[in-house]
Each structure stands twice: as C-alpha cells, then as structure tokens.
Amino acid sequence: MGVEGIGARVVRKEDKRFITGKGRYVDDIKLLGMTHAHFVRSPHAHAKVKKIDSSAALKMPGVVAVLTGQEIVDDKVGNLICGWAITSKDGSPMKMGAWPAMAPETVRFVGQAVAVVIADSKNLARDAAEAVVVDYEELPAVADVHAAIKAGAPQLHPEAPGNQVYDWVIGDEGAVNSAFAKAANVVKMDLTNNRLAPNAMEPRAAIADYDAAEEHFTLYTTSQNPHVARLVLSAFYNIAPEHKLRVIAPDVGGGFGSKIYIYPEEMVALWASKKVGRPVKWTGDRTEAFLTDAHGRDHVTHAEMAFDANNKITGLKVKTYANIGAYMSLFSSAVPTYLYATLLSGQYNIPAIHAEVIGVYTNTVPVDAYRGAGRPEASYLIERLMETAARQLNVDPAALRRNNFITQFPHQTPVIMAYDTGDFNASLDAAMKAIDYAGFPARKAKAKADGKLRGIGVSCYIEACGIAPSKAVGSLGAGVGLWESAEVRVNPVGTIEILTGSHSHGQGHETTFCQLVAERLGVPISQVSIVHGDTDKVQFGMGTYGSRSAAVGLTAILKAMEKMEAKAKKIAAHALEASEADIVIENGEFKVTGTDKAIALPMVALAAYTAHNLPDGMEPGLKESAFYDPSNFTFPAGAYICELEVDPGTGKTSFVNFVAADDFGRLINPMIVEGQVHGGLVQGIGQALLEHAIYDANGQPVTASFMDYAMPRADDVPSFNLSHTTTLCPGNPLGIKGCGEAGAIGASAAVINAITDAIGKNNLEMPATPDRVWRTIHAA
C-alpha cells in the first residue's frame, strides 16, 4: 500500500468543491432562454380526468404553454416501462398496466401529473399551475395490499384482474413440506416491512434543451445511470434516436436507488422543450419528492421456520405480499422476487426453502429499489425469525446462529445463490467481543435496578452485490446486461483520465478510483482525473446501484489499466533496449529490473504520441478500454449487535452501544467505507425507529413533509463501533465485495431484536416509535 494507493485512508478529492459551495448540480445550471416547468398534479388517489381548462393560466404573465397528458399521448411519446420480466407460477407474464408520462384519462395516485405549465420563471409557472382547472370524477381507491386483493376491491388496471401483478414462486415446496412434517419445532411470524421514502439530499431535477438545427436533445438530470436513461428514452419512449440525445448527470446529491429510474418529469421536459422551442427546467420540491419519488420496502409477510431436535434449521417457507404501487417502475418487479427471495437463506445452511411473492397494485406512488433493494427485507425476516426461534427454543441467540452458520464454501443455497466465500463466525466473534456480549447479563441487571429495560439484539446479514453475470440475469428476466465499462487515457504529458460507466452520487469515486491508478503506477492521485456522467464523453456504461461500483466498475478500470500498462511496457522496453519481461512499474517510472535504467511515465506517454520511435507495427497513442462482466455476485456479510435501554414510562429507546463487524473483502479506502457504513446504519436505524411513509385508506398520503415523516437526526443514533474481517472475493481480481448498502440491510433487525429483548414482548413492528413501544409494553 502506498500513501495514496489501495488501503490508504485518503481524504476525498471531491469534498473540497462540495464543502466550499462549488458543486455543480442540475439546479445550478442555467441556459440561455431557459423556461421553467411546474406540474399540475392530482389531489386524488384514483380519478377520471374529465376536462382540463387552461385558459386562465395561458393569459397570465410569462406563461409560454400549458401542455396536457392527452397531448403527450397524441405525440406518441411512449409509456414508462418495467425493465425486468417476471413470470407467475402458472407461466403467465406479469400484468403491466400502462403508465403515461402525464395521465390523459385516469390518475392512480396522489401527485400523478395531468398537465404541465411552462413559464419564464419558476414562480410564474407555479402561480399559473394554480389557475389550471381540472374536472375530476373521483373513483374508489385502495392503498393496502390486503384490501387491494379482496373481492370487489377497486381495480387499478384492466390488464391486472384483482390488482395482482404476479404470483411468483421459488424453491422446492415438496422438500419444504417434508421438512416441516418431520420438524421438532416450528417458529411462525407475521412481519411488516414498513414503506420508506428515500429523501436524497438533492431533490430530483431535469433540464432539457432541444436544438432544432441539429434535431438534437440534451438532458441534464439527477441520474445514477445516464447511459441507461438515454437508452430507455430513445428505445422505448420515442423521445429521440440515441445519437441525437445527450444525457448529462453532473454532481448528484444522493440517490439510494431512487434516481436509477426514468421518471415522467424527464420525459415531459424533453418533449416540452421541442414543443416550445426553448430549454425547459424542472426542479422538484420536497413535497413533490414525497409524492412522486419511488418508495421502498412495503412487504407484508407470513414466514415459518422448521428446526430439528438439535436446533438445526431444516426448512423455511415464506409468503409475501409486495406493494408495487400504482404502476410498475423500472426494477420494481425484481426487488421483491430475485433481489429478495434469493437471499432468504441468510448466513444459514437451510436445506429447503420455498417462497411465494404476490405483487399487488395499490393507489400509491410506485415502489422500487431503495438502499439494499430486497436484501433488507430478506435479512429482516430471517434475523427476526432467528431471534424469535432462540427465545422459543430457550437458547442463546448467538449460539443458535452459530449452530446453523454455513462453514463450507462455495455453498449452493436452495434459492439460486451460490455463496463463494465467507467466514461468518469471524464476524460474529468480532462483534461479540466488541460489545462484551458475555458481560451483558450483569449490565441488564444493573439497568433494571435503575428502572430501565435493557436489551441486546443480534443481526447477521448477507447480501448479493454486483449483480451478474449478464447471461444469468438475462435468463431471469433482466432487460439489460449488468457489466461495466472503462477507458484509460494517458495524455502526452503523462496525466491520466479514467472514463467510467459508473456514476458517483456520494460514494467518493473520484478518490477511490484514483487510488487504484496510484497503486499500480505509483503516481499521485492529483495526476488522475475521473470522468463520468456524460454520454457524449464516456462509452456506454451501466451506472451505479447495488454496491457495484468497486466490484464491477473498478474491475473494469483494472482491466483497461492492464491493457494500457502492457503497451506502455513495450514502449519502455524499446526505449531502454531491454526485454519487456524485465520492465517493472514503480513510483511513476518504468524500470529495468536489477539496473538503474528507467524512463518516467510522461516520457513513455510522449513517446506514444510523437510516435518517432515505437516498436515496429505499434499504433501511436496510449489509450485502452475494457468491458467487465463478473462471473458471479459478490457476497458482503457481517454481524451487528445493538445494546439499548427502553424507558418503560415513555417507551423511548436510548442506544448504549452499536457494533458492526463487516466483511467487504479488500478495502480500497477504509475511511470512505466507514462513511458508507455509517450512512447505511443510520438509514437502517431510521427504518427501525422513525420512518414510515403512510397512506390512509383512501390513498391520501399523510406523511408528505418532514413535519410528518420522521428522519433520523444526530441525537437519534449512537456512535458506531466498526470493525472488519476479511475474506477476499474470488470472483474479481481485486477481491472486493461492496459496502454501500450493508448498514441499511443489517441494522433494522438488530434494533428491533434489542427492543423486544428489553421489553420481553416479541410482537413489535417497525417503526418502533415511543408510542408503539409503550403500548406494546403495557398491552394485556
């Protein structure tokens, strides 16, 4: 490890511009002649659009146009799509209802757009939008999955009778039934995984600019994957051919999955820019974010786990109802199926698993991937079951887990996943030591003497990251490949540009990716720049989500680096009159082993571009690209233990300690990894204690602002005690597993397990607010 190479705690390069106000976000961009858009949104969860009267709005100062859903349909702009095909257990395809960018006839959730006002300023557009009169015929609505599938429930889409999107299964039902028939003990639970709003720091935004002379569009957008955005906008939405559409995602202030997708606002902005002949800008406000950003989670599940007489798990059966929302978003079909049910083995050797997932339409905003995307739901289910089983079997929760850990690798689970490596005992050992697990009973007794209820909760999670290979996910219904691309350019003076298809929205790519270059070439990271987020500059790439940036994106950079280094060594060997096999790269120089002969990287680069003395047959230049498609998922794993106290008089929870022992494989920058874990832990704790996106029975959102939706604050969370165990991932040459979602996956179960341990009652749903905890304590 060098000072700035792999493993170094390098301060993030990009932070200087962020903390000094020099970041360049979509809302910072101003174009000549730019107009502003404000959407007219439905106040109803379900209604017919009878008539739209925009006459008063069109007379207001500064108004350029009022455009409606019928107009965008008439111009043959396509409906939004779902990019992952799921097949029901009867062989029928999923039932995808039509989702137009603006509703021409029927709205299906509060906040769905029916028209857009284009004006010279944001305020003028907002004022004019209030003057647009929409005549609605309100229809019955349904917001709860069980209500939605009842006979006679309001129907959202004619394509989906009974509001059922799919009824999907995985696993061997016969083997599971056999295991339960022979079981010595069975643990049963009903669990709800509460709906969450993503709430990235930067709201979504878009600026669209149509160049009539070139018939060319440019879209600035808050996207995690600009190339996929361009592909979808051109191939499915009929906005423009790919070569006539440039998508730029500049600095993006957080995403957590919610900025993977194409939303109606980007489509409308592009279409409207051509209609009005001027650039169109839309920046969402926080209320619009609550109403229209894809939500996460929202599962209702019944689960049963079978044990033999030795407390070994013999079977697991799960039935989950997943709230899809009013429409199918880009990856919404895969989150409760292939990203959830395939992780139901957890860290445990479970011989037989069967899961059934029923996707259900409701009159709520669409639900899609949110930090962890299916993995938090699976981990929460398994870890609540394990803790409950330990109480029912009267054994130590850590000991029960250890008794069932997978210890031989590779390990094939009954639900597709093949775990390549891991050491689950090591992570649990580290966490137990850090929290002084053995000393907990004495601390619990002391707390009781002080009038407090103290509890401890364990959560052992595993996740699948770097979703791959493309051939495998394609066979499961994915509409795209999940490889990544990179290009390495060494300029004539020796500076280096890395062009990556990954996209940073807070992960620190501009530092971490440079550290790989510093490690291999021995150059300072100040000599390296990272280019991403612009489809006109960077070759096609798949973007950032699912903790794939390092395991997939950085490996693509490594592959391109290896090609570039091989060519540079040939040039150096030729210049130094040495054998290529004797050339090594150290401290920015190409050296001949065992001699003092060397040539610096800038001189090699200059030789490549002057081309005066290159080996025979070699092309000039020093630039290489690579595409990398992994051979398997990566499997980060870890053990979290939470110790807390509950005040029985108020139900308030106070943290005593929270330890996290993770195995992420090789760490490129431990400081950045720790920051990612901290953020994930806070989101997991937020779900456990505070956050819940709630709709009433009529589909009206009752948590559409920070006055109603409780976000975790600094005094709501503890200081975290982090540690790392390491098993190198064999699936990529860097040994990386991924870290971006781990905290959000493992934390919630640890917290709820600790609270239920403290209060002595197991039936507690998230969020465990003081009121809910107090009521649970004092319930008969």
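**Close-up 1. The hairpin of strand 9 and strand 10 in the predicted model.** Strand 9 and strand 10 are joined as a hairpin with 4 residues between them. In the turn, Glu215 has a positive phi of about 50°. Strand 9 (residues 205-211) and strand 10 (residues 216-221) pair in the antiparallel sense over 6 bridges; two strands are taken to pair if DSSP finds at least two bridges between them. Thr218 in strand 10 is the bridge partner of Asp209. Strands (E, at least two residues) and helices (H or I, at least four) are DSSP runs, numbered from the N terminus. Residues are numbered from 1 along each chain as its sequence is written, and side-chain values use heavy atoms, with hydrogens and water left out. As this is a predicted model, local features need pLDDT of at least 70 and side-chain atom pairs count only at pLDDT 80 or more, whereas totals for chains, interfaces and linings use all residues.

**Close-up 2. Strand 9 beside strand 12.** Strand 12 (residues 280-283) and strand 9 pair in the antiparallel sense over 4 bridges. Ala206 stands opposite Trp282 in strand 12. Strand 9 is mostly covered, with 5 of its 7 residues buried (under 20% relative accessible area; exposed is over 50% and partly exposed in between, with a 1.4 Å probe and protein chains only).

**Close-up 3. An open sheet of 5 strands.** The strands follow the order 7-15-14-13-8, and the pairing is mixed. Strand 7 (164-171) and strand 8 (185-193) stand at the edges; each has a single partner strand, so one side of each is left without a neighbour in the sheet. Neighbouring strands of this sheet are turned by 10° against each other on average, direction ignored. Within the sheet, strand 13 (residues 299-307) and strand 14 (residues 313-325) pair in the antiparallel sense over 9 bridges, and Val300 stands opposite Tyr321 in strand 14.

**Close-up 4. Helix 6 and helix 10 with the strands they touch.** Helix 6 (residues 173-181) packs on the sheet and touches strand 7, strand 8, strand 13, strand 14 and strand 15 (353-361); contact means heavy atoms within 4.5 Å. The direction of helix 6 makes about 125° with that of strand 14. Helix 10 (residues 375-393) lies across strand 8, strand 13 and strand 14, running at about 140° to strand 8. Axes are lines fitted to C-alpha atoms, for helices over the stretch in contact, and angles run from 0 to 180 degrees between N-to-C directions.

**Close-up 5. The surroundings of Ile52.** Ile52 belongs to strand 2 (residues 47-53) and counts as partly exposed because its relative accessibility is 25%. Not counting residues up to four places away in sequence, Ile52 touches Thr68, Val114, Val132, Val133 and Val134. Ile52 and Val133 are 81 residues apart in sequence and 5.8 Å apart in space, C-alpha to C-alpha.
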